[in-house]
Structure formats: structure tokens, C-alpha cells
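Subject: Structure for your files

Hello,

Here is the structure I said I would pass on. My notes follow below it.

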Amino acid sequence: MSLGSRLGIGFMRVIAPLPLPLVRGFGAFLGRILHTVAVPRRRVVDTNLAVCFPEKSEAERRAIARETFVYVAQSWLDRSWLWHAPEKVVASRLKVVGAASEIREIADGDEPMILFAPHFYGLDAAATALTMHTARPSATIYTTQRDPMVDAWIREGRTRFGDVAALNRVDGIKPVLQGLRKGGLLYLLPDMDFGRDQTIFVPFYGVQAATVPSLSRFARLGKAKVVPVVSKLTPGGYEIEILPTWQNFPTDDVEADTTLMNTRLQGYIDTMPAQYYWVHRRFKTRPEGEAPIY
């Protein structure tokens, strides 16, 4: 348990009661500093944007990169009030919009449902908003943090409201499917490069990307419908958009399903490119024989 972790978590508790414009203003300031000093991570962002948006000018991509670092900092500081402010304050800053029937079903339904939640910076806010509005059991798949104190803090924050299980990634699919088959919700974020094991290569912005095919497989094995959740950071907090259930999904073709997932994800990203998690090395794992991208 490091002193830095204690101080960091203590800082987040201290700023939780502050007005949102103050927290966001500090986040904007911090984000601009990070863009300047975090050179290795900035290079990752610049590379990702060059690979995915070759049609944009260098100036356009630089603007997106600067903005994405601001969202990184703001969304991280927002965890202060998401995880520590009174419930009434949290609820006032989270707005759920979109497909009415899906919103009702998330709240009151009993059919297995996977919430496809791509890595936009508002993903923790979206999870909080949805668990605040349903008594249904829900689960999210969790990667353990190295520092036990930080691990406990994040786990407690993500399970603060509702009936939420944070499942460890190393536990496999059994607890995931058990929850779905009992009519639960699964908040799934499968759009990252988790290495060569258990991934397949499908296009993402026209480039082969190692992608976990869990959305298709969990939906098929758990007999679950798939509902996309797109989270957007706004001046007043977050807007969480629930999109219509995907029809004719999954199929028997896991690769086709996973390709479709990435294609639809691109459509969501194109509406707000700076809010996607470009700080991740999405193309880290390459097909055999291909040169590294980073």
C-alpha cells in the first residue's frame, strides 16, 4: 500500500464535493499538461489517429489528440464525485437517453442482456447510471490492479450502486454465463488489445486488430440480446445513450460477428472521435510477419 495511493485516493475524496465546473476546469488544465509532458503516451495517441483517420489533416489529428488528453484527465477526476459524492448529486449529473424499450428492459426486464460498452471516457459514468436505475443483478469483467489499495478503491466505486458483481478476468466464462442465464446484465468492454491469446484478427478502421470475440460468444452461450451503450462527457456531467438491440446477432460466425462489432464501433467513434480511448495501444499485437505499429 503506497503513500502515493493513499494521497491520490484522499485527494479524490477531497475534491468530490466541489462544483463540477471547478473539477472540469482543473481537468482541462491537467489534460493540457499531460499532452505536453506524457510524450510516450502522446505518441501512442498520434499513431492511433494516423492509422484510423488517414483522411484527416495532421492539424485535425493534433486537435483531436489535445482534446482526448483533456477528456482523459476530466473523466479520471470525475470518478471523485461518481464514487464519493452523495447519490442525489451523482444522479443529477447523469442523463440516460435513447431507446425507450431498452431502457425499460434494463431497469425491469428479466431476459439475459449484454450491454456493449465501448471504451469511451464516460464508461464508468455509464455503468454507474445504469446500476442506479435497476435492481437487476449485473456484472462487469475486471482486471486486477497492481496496487491492492487502488484495486479495492476502483472495485468499490464500480459496485457502489445496485447489485453488481466485479468478475475477475482470470476467472473465465463460467461466472459470466451463470449471471446471464439467471436473467442478469453483463456490462462488457471487449474493444481492447488483450494480446494474442483468445483473440482473433478482424478489421478496425481497415487495419487488422487483435480483438476478443467475447461479445458474440457470450451472447450465443448466454442466449442474451446485445444492447449498445455509448457514453458522452458533457458540460453538465454525462449523457448515456442506450441504442436499439442489435437484430440477428449473434450468428454462428464468430469472426463475422466480431467484424460487425468493430464496424459499428467505428460509427459510434466517428460521432465524437476525441472521446474514445486512444491512449490504449489498440494495434499492439500484430498478425504473424507484420511489422510493429508503435
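Are aspartate 124 and arginine 79 buried or exposed? Both aspartate 124 and arginine 79 are buried. Please keep in mind that this is a predicted model.

Salt bridges

The count of salt bridges is eight. Aspartate 124 forms one with arginine 79, with the closest N and O atoms 2.6 Å apart. Since aspartate 124 is in helix H7 and arginine 79 in helix H4, this pair ties together parts that are 45 residues apart in sequence. Aspartate 124 also forms a salt bridge with arginine 158, where the closest N and O atoms are 2.8 Å apart. That second pair links distant parts of the chain as well, with aspartate 124 in H7 and arginine 158 in helix H8 (residues 148-158), 34 residues apart. The relative accessible area of aspartate 124 is 4%, so the residue is buried. Arginine 158 has 31% and is therefore partly exposed. Through shared partners, the salt bridges join Arg79, Asp124 and Arg158 into one network.

Another salt bridge is formed by the side chains of arginine 62 and glutamate 58, at 3.4 Å from N to O. Here both residues lie in helix H4, four residues apart, about one turn of the helix. Arginine 62 is partly exposed because its relative accessible area is 42%, and glutamate 58, at 55%, counts as exposed.

Helix H7 and the core

Helix H7 (residues 123-132) is mostly covered, with ten of its ten residues buried. Besides Asp124, the buried residues of H7 include Ala125, Thr128, Ala129 and Met132. These four are also among the residues that leucine 94 touches, together with Trp81, Leu82, Tyr238 and Ile240, when residues up to four places away in sequence are not counted.

The largest nonpolar core has 81 residues, of which Leu94, Ile114, Phe204 and Trp278 touch the most other members. Helix H4 (residues 58-84) gives the largest share of this core, eight residues.

Helix H9 and its surroundings

In helix H9 (residues 174-181), Val176, Leu177 and Leu180 are buried. Viewed down the axis of H9, the buried residues fall within an arc of 90°, so they line one face of the helix. They pack against strands S2 (113-116), S3 (137-142), S4 (163-168) and S5 (185-188), and against helix H10. Glycine 183 follows H9 and has a positive phi, near 85°.

Strand S5 holds leucine 188, which counts as buried because its relative accessibility is 4%. Outside its neighbours within four places in sequence, leucine 188 has contacts that include Ile114, Phe116, Ile141, Ser214 and Phe218. Leucine 188 and serine 214 are 26 residues apart in sequence, and their C-alpha atoms are 8.6 Å apart in space.

Serine 216 lies in helix H10 (residues 214-221). With a relative accessible area of 1%, serine 216 is buried. Apart from neighbours within four places in sequence, serine 216 is in contact with Phe249, Pro250, Thr251, Val254 and Asp257.

Surface

Phe11, Phe26, Phe29, Ile33 and Val37 make a nonpolar surface patch of about 450 Å². Four residues of this patch, the largest share, come from helix H2 (residues 20-37). Phenylalanine 11 has its place in helix H1 (residues 3-15), and its relative accessible area of 36% makes it partly exposed.

Regards

Terms used
Residues numbered from 1 in each chain as written. Predicted model: local features only at pLDDT ≥ 70, side-chain atom pairs only at ≥ 80, totals over all residues. Heavy atoms only, no water. Patch = residues over 30% accessible without salt bridge, like charges linked within 9 Å, V, L, I, M, F, W, Y side chains within 5 Å. Areas by Shrake-Rupley, 256 points an atom, 1.4 Å probe, with all protein chains shown as cover. Salt bridge = Lys/Arg side-chain N within 4 Å of Asp/Glu carboxyl O. Helix = DSSP H or I, 4+ residues; strand = E, 2+ residues; numbered from the N terminus. Buried < 20%, exposed > 50% of the residue type's maximum accessible area, 1.4 Å probe, protein only. Contact = heavy atoms within 4.5 Å. Arc of directions from axis to C-beta. Core = buried A, V, L, I, M, F, W, Y, C linked by side-chain atoms within 4.5 Å.
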